[in-house]
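Could you walk me through this structure in plain language? I'm new to it and would like a guided tour, one region at a time.

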2 protein chains.
Amino acid sequence: MSSEESLKRLYQIAEDIYEDLVRGEIPKMKLAARNRSNIVFNTRYGVWKYGDSKITRSAKKLDGAYMLLRTLYVMEFIKEMIRDKKSSTLREMYYISEGWGLAKFHTQDESNKLAEDLEVITGYLREDFKLRPEEDGASVIGNITVEEINRKGKPMRINCRDDVGDSGYLIPYNVEKEKLKFVDVDADFVIGIETGGMFDRLVENGFDEKARAILVHIKGQPARSTRRLLKRMNEELGLPVVIFTDGDPWSFRIFASIAYGAIKTAHISEYLATPTAEFVGITASDILNYDLPTDKLNDRDIAALQSELKDPRFQTPFWTEEIKLMLKIKKKAEQQSLAKYGLDYVTDTYLPEKLTELGVMS
Amino acid sequence: MSSEESLKRLYQIAEDIYEDLVRGEIPKMKLAARNRSNIVFNTRYGVWKYGDSKITRSAKKLDGAYMLLRTLYVMEFIKEMIRDKKSSTLREMYYISEGWGLAKFHTQDESNKLAEDLEVITGYLREDFKLRPEEDGASVIGNITVEEINRKGKPMRINCRDDVGDSGYLIPYNVEKEKLKFVDVDADFVIGIETGGMFDRLVENGFDEKARAILVHIKGQPARSTRRLLKRMNEELGLPVVIFTDGDPWSFRIFASIAYGAIKTAHISEYLATPTAEFVGITASDILNYDLPTDKLNDRDIAALQSELKDPRFQTPFWTEEIKLMLKIKKKAEQQSLAKYGLDYVTDTYLPEKLTELGVMS
């Protein structure tokens, strides 16, 4: 999707407000309700999306009027950025609103939410609107050649095994096709890795070459660009995606957001989620089978696991069994705890066993 | 410093313990006391280092005996890694100790501290011992060509402007000369930038080319590798280093750790600190002069500023005035708050003004 097209869609919002005013009606905007009760499974994409429940922002009330005013200022700002080939962090937009008089944002939460509202209304991504997050994207190591259009508009070819340092290729915040193309790949699957320590371990042990894998450091709860990259690799390159995390409720959520979508971004789940992604641990069964060093679950962990038992994304036999088992043994484990058996155990034993079981390695 | 040499120094520790035993004495290790009261200014290097106060770890008491046992296991582990050309995260070492019987670490704090103890005793860096942190190093954008010896032992030349994507070159955890060489540079100074949003702003605005600068994203409290890289660029390339952070007590500490050394790493300040580094804001004066959007100081901020007034590293007229002014106006500001005046203000106005004042730009 191009910025030019997204701009046309923004004009449509302004036109609707204008027409409301011409007709003598109070201007308003309609958008999907963004809460847990309005999340439904979309069978076409195999991901969780917002349902039909809508809310209306009307200028009838003062708060609604402010929101519409802010929306118009934000659209003007986006138009200028697209014209000037600029982009802005969400934080910068918040500060820029200092000059917008009554439309000034009072917290960054307000401005972030408005950026998401525009996505919900238009069906375009925040990145199309030149708004970007602060967080870093993933780094990638493996035999894949990408072409990134750099800030000067020039295409730059980078092989993520041969043309990068040990830290890998750092993906840009915008990984859409007009910014990042896949040129060539020679690998059997993609493995997303939660922690930097484990990513470095797989790199040092040459797991990308031995197992013909593309290693992606997802850095905890992954940025949108990371989830989008995994999705594109899966869909366009036909590569299976597996996710390797710590064994605790928070890591299970990381997996769910990659595979099925996150509640905050459910309006764009079909762009971000990889429904065929598989989990390679650490699970509660792994803790027992591999006799891993553990920590005790704390109260927050237990509450998170119990909430996951009710979360629609975890309603599979695999997840309900593993979550119940973790609640039973009351223990969690980090992926690096596999080092108990030495630095090579994870690449020589653990991952080959898990990946063979899933049919990803043979 | 090479790993082979550092290994010899480790053998020395083992020999000392052996000799103690042969002479029928209780084995012991002596090392510098690592606390705030044992920090003294080293005039030769212009940085803060540990003083002469020593502590002794003796096997006379059970805790001391455990520490010596652990030290011997750790040295054995380091020897094996150097032999096998491996490295390990501090976290992995913690888990590996599961197999060390009585020498098992009980918390990661214990194993991290022992790694630092070995540095204090031997004068070598943890990186020489193949132990590395989890945290990411800096990313770099600018006209500098480096040669990194990659994991296969091959040298790889990377120009940090032309051969990288918009996210820049991600430095490895070990930036010593045997791993990373500077091949060529065409720039007037180095600017370390605290936040990702501001780093991206300077990249998008082409500040590296316009101002002939090397941009380094220091990512909050900088990793050792980042501080070492800044030091090497300053010393070997003769480039002035300036630091651009948020305007709050925590950012002042980031600057102090880069310029004068951190208390935790005072034994290696001469490797890590860049005493000639200059601060380009945000200061309390900037908040007033540029009329920046601010947040109120909270109680923790105020306590941190008051503690900085007593910190030997801040005993300069510049810092005592700025800290007192911040306590007076009771306000802090983020570097991105400069966006109040538009996305180009920081590169067209703020930084040129500050850098001209310092004589770094003309």
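Start with Thr145(A), which stands opposite Asp184(A) in S11(A). Keep in mind as you look around that this is a predicted model. The two strands behind that pairing are S8(A) and S11, residues 180-185 of chain A, and they run antiparallel with five bridges between them. S8(A) has another partner too: strand S9, residues 155-159 of chain A, again antiparallel and again over five bridges. Along that pairing you'll find Met156(A) as the bridge partner of Glu148(A), while Glu147(A) is matched with Arg157(A).

Put these pieces together and you get an open sheet of three strands in chain A, in the order S9-S8-S11, with antiparallel pairing. S9 and S11 of chain A are the edge strands; each has a single partner strand, so one side of each has no neighbour in the sheet. Neighbouring strands here are turned by 20° against each other on average, ignoring direction. Helix H7 of chain A, residues 224-237, packs on this sheet and touches S8 and S11 of chain A, and its direction makes about 50° with that of S11(A).

How many of the six residues of strand S8 of chain A are buried? Five of them are, so this strand, residues 144-149, is largely enclosed by the rest of the structure. If you follow the chain on from there, the hairpin of S8(A) and S9(A) has five residues between the strands, and in it Gly153(A) takes a positive phi near 85°.

Next, a pair of helices. Two packed helices are described by the angle between their axes and the distance between the axes. For H5(A) and H13, residues 345-357 of chain A, the axes come within 9 Å and cross at roughly 100°. That makes H5(A) roughly perpendicular to H13(A). On the H5(A) side the contact is made by Met198(A), Arg201(A) and Leu202(A), and on the H13(A) side by Val346(A), Thr347(A) and Leu351(A). Sorted by character, the residues of this contact come out as four nonpolar, one polar and one charged.

Now hop over to chain B, where Leu202(B) lies in helix H5, residues 196-204. Leu202(B) counts as buried because its relative accessibility is 0%. Its contacts beyond four places away in sequence include Ile191(B), Ile193(B), Phe207(B), Val346(B), Thr347(B) and Leu351(B). Tyr73(B) is quite another matter: its C-alpha atom is separated from that of Leu202(B) by 47 Å, with the two positions 129 residues apart along the chain.

Last stop, back in chain A: an unreviewed UniProt entry gives the annotation "binding site" to Glu194(A) and Asp246(A). They are spread over 53 residues of sequence, yet they cluster in space, with a largest C-alpha distance of 7.1 Å. Glu194(A) sits in the loop between strand S12 (189-193) and helix H5 (196-204) of chain A, and Asp246(A) in the loop between strand S14 (241-244) and helix H8 (249-259) of chain A.

Are these two buried or exposed? Glu194(A) is buried, because its relative accessible area is 11%, and Asp246(A) counts as buried at 10%. Glu194(A) touches Asp246(A) itself, and its other contacts further off in sequence include His217(A), Lys219(A), Ser251(A) and Gln335(A). Asp246(A), for its part, touches residues including Thr195(A), Ser251(A), Phe279(A), Glu334(A) and Gln335(A).

Key
Residues numbered from 1 in each chain as written. Chains lettered and ligands numbered in written order. Predicted model: local features only at pLDDT ≥ 70, side-chain atom pairs only at ≥ 80, totals over all residues. Heavy atoms only, no water. UniProt positions renumbered as here; feature names shortened; annotations may be inferred. Helix = DSSP H or I, 4+ residues; strand = E, 2+ residues; numbered from the N terminus. Buried < 20%, exposed > 50% of the residue type's maximum accessible area, 1.4 Å probe, protein only. Contact = heavy atoms within 4.5 Å. Pairing = 2+ DSSP bridges. Axes fitted to C-alpha atoms, helices over the stretch in contact; angles between N-to-C directions. Parallel < 35°, antiparallel > 145°, perpendicular 65-115°, else oblique. Nonpolar A, V, L, I, M, F, W, Y, C, P; charged D, E, K, R; others polar.
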